[in-house]
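User: Please examine the structure shown below. I should like to discuss its helices and its charged side chains.

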Amino acid sequence: MTEEELQAIKDRADAAEKGPWRAVSFQLYPLGGPVTWTIEYGPEDDKRDCFDPMEDPSEETAKFVAHAREDIPRLVDEVLRMRAA
């Protein structure tokens, strides 16, 4: 992982909504409708939906989430590589 790649990951994490984040499931329709997930963030007494169907997340948070599937495995691989060295 290059310094530029690592810095890009850090920048995305720093720009995203502050945590803690929680994954929360809910039913779209009452009485057995499909279950979907949303992300809540912020302190428990001031929870906000990151992906409320009526409100888009900030661009920075959307970028962070979109890259997480690639960023997290790469960071884990880097930590394992460094520990093995």
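User: What span should the 26 residues of α2 have, and how far apart are its end C-alpha atoms?

Analyst: This is a predicted model, in which local features need pLDDT of at least 70, side-chain atom pairs count only at pLDDT 80 or more, and totals for chains, interfaces and linings use all residues. Residues are numbered from 1 along each chain as its sequence is written, and side-chain values use heavy atoms, with hydrogens and water left out. Helices (H or I, at least four residues) are DSSP runs, numbered from the N terminus, and the expected span is 1.5 Å times one less than the number of residues. For the 26 residues of α2 the expected span is 38 Å, which agrees with end C-alpha atoms 37 Å apart.

User: Where does α2 bend, and by about how many degrees?

Analyst: The bend at a residue is the angle between axes fitted to the seven residues ending there and the seven starting there. In α2 the bend is located at Ala68 and comes to about 60°.

User: Which residue forms a salt bridge with Arg74, and why does the pair tie together separate parts?

Analyst: A salt bridge is a side-chain nitrogen of Lys or Arg within 4 Å of a carboxyl oxygen of Asp or Glu. The N to O distance for the Arg74 pair is 3.0 Å, and the partner is Glu5. Because Arg74 lies in helix α2 and Glu5 in helix α1 (residues 3-15), the pair ties together parts that are 69 residues apart in sequence.

User: Is Glu78, which forms a salt bridge with Arg81, buried or exposed?

Analyst: The closest N and O atoms of Glu78 and Arg81 are 2.9 Å apart, and both residues lie in helix α2, three residues apart. Buried means under 20% relative accessible area, exposed over 50%, and partly exposed in between (1.4 Å probe, protein chains only). Arg81, at 49%, is partly exposed. Glu78, at 17% relative accessibility, is buried.

User: How far apart in helix α1 are Lys10 and Asp14?

Analyst: The side chains of Lys10 and Asp14 meet in a salt bridge at 2.7 Å, N to O. Lys10 is partly exposed at 46%, and Asp14 is partly exposed at 42%. In helix α1 their separation is about one helical turn, or four residues.

User: How many salt bridges does the count come to?

Analyst: Side chains of opposite charge can pair when their charged atoms come close. By the distance rule stated above, the number of salt bridges is four.

How values were computed. Helix = DSSP H or I, 4+ residues; strand = E, 2+ residues; numbered from the N terminus.
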